[in-house]
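User: Please take a close look at the salt bridges in this model. I would like to know which side chains pair, where they sit, and whether they are buried or exposed.

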Amino acid sequence: MKNNSKFKPLKLLYAFVVVTAMVSCTDLEENPDFTTQENFFQTADQLELGVNAVYDGIGTGRDWENHYYNRFVFECLVGYQVGYEKGPLAYQTGNVDPADFYIGRYWRISYENINRANTLIEKADELKEAGVADVAKIDRVKAEALFLRAFYYYNLVRYFDDIPVKTSRSIDDKDLPSNENGKRLALDLIQSDLMMAAEILPESYSGGNAGRATKWAAMALLVKAYLQDEKWGPAYTTAQTIIDESGISLFTDFADNFAVATENSGERIFEAQVSASANPNEYQNYHAHFVPRDLPNDLGGVGWHWLNSTRAFRERYDVNDKRIAGTFISEYPSTRPASNAAGERPVVRWSKDAPYNLGVTGGLVPVDADPNNPDELIFSSGFSAKYTEIGLTNPYANEKNIVYLRFADVLLGHSEAANESGTGDSYYGINLVRERAGLPLLSGLGQAALRDAIVDERVLEFAMENETYPELKRKSTFGGAQDYLGDYIQSFIDQYNVDRTLKAKDYVLPLPLNEVLGNPNVTQNPLYQ
């Protein structure tokens, strides 16, 4: 059970509305009115409650299709993770267009919270100039807002490349940003924001503030931003600082990255807070989409069941890889075969020998399997274990936080930056990750071979965490000599005879149609014009 004193954006946000009722609009909403900041954020405590709304955007938020949800739809572009609902189906067949619902929702969530962060950054400076008490808290909240602004921009630029960039709050439609040279502007701002945030944010929190952004969260995201910008030297030195000074190390058990008992600790550097037991609105909908469709309802089988990884991807893991247990569901009671001789639901187990196709039931145990014969009680779909919670009676009663930054990412970034720059020990980070996985350590590889190994390790380490598509995209060029994304997509097409042709559009998402129609200052990605 989660500690109910932990930092919870939604709960604190409700308190903020109550506290400010006398000085705000009479039509109260759950979120503070960021467009009338003259009446809001008059104290450091109110400013802190305002930043909680910006945190909320990376978790459940106010949309069913939230920040994390939309990204696991985008992930289906690679083809290693597949689905049966129209959204994932469109992506895994490469049929993405500017009118796509998930793109539009993700875009709005991101810019809504960037605008909130801009408001708080401006207001923090105003409060300090006005001599408002508790300067330390004002500075810390501003640093959190800088981190969160960088976080949203970073996750936009990874998917869309040239994006609109704005550093002041938008009040009306006469104040609309351009996306000209947007990728460059975004990367510069992200790096500047994170460097400033890292100077101010504490190294850790305790009690009710556990879960807020720390210095190490800012620096870990900065490593990723430097890698995105191919600034290998700064990426290496920043990762080295985290390794040397943070005291963070890998969990012995890979699965602890997703366990309730280890939240906001160890190698888990930054995560969205989830606790339906503390607040029914604070749930994550990963479980309902990734859980096996033939899992009994009383064990958490209620849901949509339209995402899993393919058998071919599940087979990419070495049979001795210790990450398998924390990445995939290996066995569960199934409702498809008849009850066994004991009158119980038979337990099915994963096997590469089980039949597989991309149909809704293609990777499940055959319905006519002998419930008393273990050799027939096998399935081949790669069901995710990371954020599913077998045993739930309510698919919305989730307790698992969503982890956005892990120490393994820093270690792999360290190896990548060392390998690309020719500086330091390029094997240090990747070998720590492989050692924890129980895999042989690497040595003696040329630069290109080690680059391949690092990319592959990222995919296996972060599978079904919404990192694969943007990371493969970052390291790939359509038709180029280095095209990891193209290799994955083409392998998916060939393996499963998918009606799809690899194309340049697969390497970037379009700006949403509403943005292009509503903002005369933006230009659609040329591939979608």
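Analyst: The chain as a whole comes first, then individual salt bridges, and then a network of them.

The model is predicted. Its secondary structure consists of 18 helices and seven strands. The radius of gyration is 23 Å, close to the 24 Å that the globule rule gives for 529 residues, so the chain is as compact as a globular protein of that length. Along the principal axes, the C-alpha atoms fill a box of roughly 75 × 55 × 50 Å. Of the 529 residues, 61% are buried. Taking contacts between residues at least 6 apart in sequence, 70% join residues at least 24 apart.

As for charge, the chain carries 50 positive and 74 negative side chains, and the centres of the two sets lie 0 Å apart. The number of salt bridges comes to 51.

One of them pairs R140 with E144, with 2.8 Å between the closest N and O atoms. R140 and E144 are four residues apart in helix α6 (residues 135-160), which means that about one helical turn separates them. R140 is buried, at a relative accessible area of 13%, and E144 is buried too, at 0%.

Another salt bridge links R268 and E271, where the closest N and O atoms are again 2.8 Å apart. Here R268 has a relative accessible area of 4% and is buried; E271, at 2%, is also buried.

The salt bridge between K475 and E420 has an N to O distance of 3.3 Å. K475 lies in the loop between α16 (468-474) and α17 (484-496), and E420 belongs to helix α13 (residues 407-421), so this pair ties together parts that are 55 residues apart in sequence. Both K475 and E420 are buried. They also belong to one network, joined by salt bridges that share partners, made up of R71, R158, K224, D409, E416, E420, R451, R458, E467, E471, R474 and K475.

Within this network, K224 can be placed in more detail. K224 sits in helix α8 (residues 215-228) and is buried, with a relative accessible area of 5%. Leaving aside residues up to four places away in sequence, K224 touches Y154, R158, L405, D409, E467 and E471. Among these contacts, R158, D409, E467 and E471 are also members of the network.

At the surface, the chain exposes about 20100 Å², and carbon and sulfur atoms supply 50% of that area. The residues described individually above, by contrast, are buried: R140, E144, R268, E271, K224, and the pair K475 and E420.

Note on methods: Residues are numbered from 1 along each chain as its sequence is written. This is a predicted model: local features need pLDDT of at least 70, side-chain atom pairs count only at pLDDT 80 or more; totals for chains, interfaces and linings use all residues. Side-chain values use heavy atoms; hydrogens and water are left out. A salt bridge is a side-chain nitrogen of Lys or Arg within 4 Å of a carboxyl oxygen of Asp or Glu. Helices (H or I, at least four residues) and strands (E, at least two) are DSSP runs, numbered from the N terminus. Buried means under 20% relative accessible area, exposed over 50%, partly exposed in between (1.4 Å probe, protein chains only). Contact means heavy atoms within 4.5 Å. The radius of gyration is taken over C-alpha atoms; the globule rule is 2.2 Å times the number of residues to the power 0.38. Accessible areas come from the Shrake-Rupley method with a 1.4 Å probe; for residues, only the protein chains shown count as cover. Lys and Arg count as positive and Asp and Glu as negative; His and the chain ends are not counted. The place of a charge is taken as NZ of Lys, CZ of Arg, CG of Asp or CD of Glu.
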